[in-house]
Each structure stands twice: as structure tokens, then as C-alpha cells.
Amino acid sequence: MILFFASFLVYGLTVHSGDPLADLREQNDANRQNRIDQRVAQMRLNDPWIVRYGDWLRGILGCVRLQCDFGENRSGQDVNALLANAAESTIRLVLLATILGILVGVFFGVMAAIRQYSGFDYSVTFIAFVFYSLPAFVFAVLLKEFGAIRFNNWLAEPAFNTVFIVLVAGIFAVFVQAIIAGPMKNRIISGAVAFAAAAAVFVILDVTDWVDNPIAGLWMPITTGIAAAVMFTALLSSITNRRAIFSALGSAGAMVLLVVIFAERLEQPTWTFLIVLLLAGVALAVVISQVFGGYAKRSITWASIWTVVSVGFAVLVDYLARNWSDYVELVRGRPISTIGSMSPNFRGADDFWLSLLDTSTHLILPTLSLTLMSVASYTRYTRSSMLEVLGQDYVRTARAKGLPEHTVMTRHAFRNALLPITTIVAFDFASLIGGAVITEKVFGWKGMGELFETGLRNVDPDPVMAFFIVTGGIAVLMNMLADIMYAYIDPRIRR
């Protein structure tokens, strides 16, 4: 019902927003009147707009029978086909930005709440407010200048000077010591180790010329598997639980073994094969956890699953790194693109990994633009939600019972703090599609924003309404999913 009344309002506003014949009236072409008559007939401008809205609505109601008809634009092109291409590009962009925004924003929000009134908390809050307040078009332009143009110039002769290494390693050290809890001595040691590790990484990258020729190989998924097993076991179970750590490491090993077995097939895979391979790894992780997990099988299973997913991601990065040099050569040394969702006339389109690299490098800047704005809002909401939950009686009771701090945070505080965040995610996903209009305009992205902007400029209601239906429909769908997630997160709601 809400969509119906909103569609009526949007359609009326669109058809009265300007003159759809303005561009033809200004021409001195001898054939002008004939072209005006053709457009009047194509857009049915002699019919009352209410009648045209009713015909459009009948086409949309066909979606109930899976036969949607979004009409035609003023040039006679089928809006269904235009919408399919535009929605695929925009949803790919917005979905990735939303996932990254949730992961990064929730992490920093939780850590800021745990370290309330610390230097880390003040820094995260300040940065979040800066990104939240910065206009989307300003941030997008800055990314084009520094994240693409100047970065591509640097890639011509990549080198890490001493000042850069010391500065970045110092920032990383400050970040690490701010997260580490405990006395000042432990924090200083952690900061020093982080500084040395970061500086060593940059020195190795510089000496090995890794930027031009990334060192790829099986070491990447193996290292990632070990690190992920330790991290997810610590977060979801307990690092002192030998069954948990061995199950996670065994799951990582099983995934690596699958990669070795199907190494030849991975040279030119398909998305279907990659998904099946990942699902096979997840199935093995579940089996290993259920057989060897002991009393805490549920938490161990989830730790093993996330470990396998991390290994799968590392494999993806590994194969992209193997093809990086070839891709840079194909794009003439400027891999980070500022315009469009793919390179025109790309010669590596038939190669899976080169094609994926091309798509990924075009996604970097617009995704980063949308992600950082989402991170800012998720960080603020997560911090306030966690602070409210940490003051509740059941959290104090959990601590008084002697439960480990990570158990109190993950199983008692964080789960309850997720409820308001779930609401924000539902609204944010739909609003990101609307916000992507500006981002797509800056980066020349042919998506929903371009479809909406062109339709509105031409006073052409059908493309505008297609944008509205997709955006509004996603908003309704996400709110429904949020209600379902409430019941999953909080068992009291199910009852």
C-alpha cells in the first residue's frame, strides 16, 4: 500500500517536472515538427497522466505473474532490459559496500565502546564524524585524484621511501596498541612489535618489487588459514580449547588440500565451480568439527566455517596476484580506473582472472566511497548500542560469574547490541542505492543512478519509476528481513 501511494506521487511529480519536448522545440531542423509528433505519440503526451499511470501500474502488477512490464523510455527502448543492466551494476556495487561497511563499522564501533574515552575511542569517533559529514561528491572526487590518478602515476615507478614507511608503521603501531588491553607495558610492547612488523613488510615489498610482480603461491592460503584458525577460535570459542584450534586448523588444511587437488581447474574456473569448491570446504569443516569438536561443537563449527571462507578468499587473492602483471600490461600501466564499470574493448575479457581483475579494479573507488560513508554510520550506532548494553545487569552478572571477557562481549553484549544495528542495515541498504546516484555520476558508472538521472532530465517517467520500484521494493524487503533477523538474534521475540 505504501509503495502504491508513493508510486502515484513520484509518477505525478516526474511528469510535471519539466517539458519532455524542450530539446526538440529549441532545434531549427526542418523535420522538427515530425520528430515532435513522433515523441508525443511514443510518450502518449496527449493522454492524461493519470491514464498513463494506470497503464504503467497494470504493467507492474504483472510482476505477480513474473511478467513485469516497466514500459519504454522516450526512445522506444525496453525499460526492462535497461533496468536489468543498471540494477546488476548498482546492486553489485551497493552489496559489496554494505558488507564491507558492516564488517569494518561494527568492528570499530565495538572496539570504541570497549575502550570508551580512550585515545582510540576519540580517534574513531572523530574519523567517523568526518566521513559522515563529508559530502559524497567531494569524497568521490578526492578518491579519483589521490586513489587513482596519483596512485597510477606512482605505480609507474613504485618505491617506499623511509618517511612513508616510518609514518605508516607508526600509525599502525598506535592503532594496535590502542586495541590491546592491559597495562601500559604490554601496550608499548605490542606497539613496538606492530611497528617493526609493518616496517618489515614495507621493506620486503620494496626489495622484492612486489607491487609490480606480486609473489603468489600456496603460502598465501596456508598462512591465512593458520591466522584465521587462531583468530576465529579465539573469538568464537577459546584459544585454550585444543579441540577447537585443531578442528579449525584441520578445516583450513582440508580446504588447502582441495585447492591443491583442483589446481589445474582453478587456472580458468567458473563462478559455479568456485562456489561448489567453497561449499565442499564448508561441508568438510562441518564434518571435522562435529567429529572432533567435543562439547562446544556449535561454536567450533562456526569458527571452522569462517576459517574455510578466509582460506577461500586468500585463494581468490592468490590467483588474482598471479595475473596482476599481465593485467597491468593490458591496461597500459594504469590499473585503477576512474570511469565506468569495465574497460572498453578489454582484450582479456575471455580470461576469467583477467576479467575479474578488470571488474574489481573498476569497483575499488566507487565501493570505497560508499563503504567509508557506511562505516561512519555503523561505527557510531554500534558504539552507542554497545555502551547501552554494557551497562545492563545481565552483563555485570556474566562478569560476576567469572566468565572470560571475550565470552561476555561476544555472547552476551554484542548479540543484544545487534538488534538496533539490524534496523540500521535495513534502511541503509536502500538509502545506499539512492546515494549511489551521486557516486555513479562522478565515476561514470552506468547503473541505477544513471538510469534515474537520465529519465528525470528527459522528463521520462518509466525509467524513473523503474528506479523507484527497485529502491522501494528493496527497502520493504530489507525491513522484512530485519524482522526475521530480530527473531534469530533474540529468542524472546520468537516467543
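Start by selecting two sets of residues in this predicted model. In helix α11, pick Arg 243, Ser 247, Gly 250, Ser 251, Ala 254, Met 255 and Leu 258. Then add the residues they meet in α12: Leu 277, Leu 278, Ala 280, Gly 281, Leu 284, Ala 285, Ile 288, Ser 289 and Phe 292. Try colouring your selection by residue type: this contact divides into ten nonpolar residues, five polar and one charged.

Now show the two helices whole, with α11 as residues 242-261 and α12 as residues 271-292. How do their axes cross? The axes come within 9 Å and cross at roughly 150 degrees. Angles over 145 degrees count as roughly antiparallel, so that is what α11 is to α12. Turn the view and you can also check the handedness: α11 passes α12 in a right-handed crossing.

Next stop: a pocket. Select Phe 108, Ser 123, Val 124, Ile 127 and Phe 175, which lie nearest the centre of the second largest pocket. They are part of a lining of 21 residues, and the space there comes to about 430 Å³.

Which elements should you switch on around this pocket? Those giving two or more residues to its lining are α5 (79-114), α6 (119-133), α8 (162-179) and α15 (352-390). Give α6 its own colour, as the largest share of the lining, seven residues, comes from this helix.

Finish by colouring the pocket lining by residue type, just as you did for the helix contact. Here you'll find 14 nonpolar residues, six polar and one charged.

Conventions: Residues numbered from 1 in each chain as written. Predicted model: local features only at pLDDT ≥ 70, side-chain atom pairs only at ≥ 80, totals over all residues. Heavy atoms only, no water. 1 Å grid on protein atoms, 1.4 Å probe; cavity = no way out; pocket = protein on both sides within 12 Å on 5 of 7 lines; lining within 4 Å. Points joined across faces, edges and corners; volume = space filled by probe spheres on them. Helix = DSSP H or I, 4+ residues; strand = E, 2+ residues; numbered from the N terminus. Nonpolar A, V, L, I, M, F, W, Y, C, P; charged D, E, K, R; others polar. Axes fitted to C-alpha atoms, helices over the stretch in contact; angles between N-to-C directions. Parallel < 35°, antiparallel > 145°, perpendicular 65-115°, else oblique. Left-handed = near helix turned anticlockwise from the far one by under 90°. Contact = heavy atoms within 4.5 Å.
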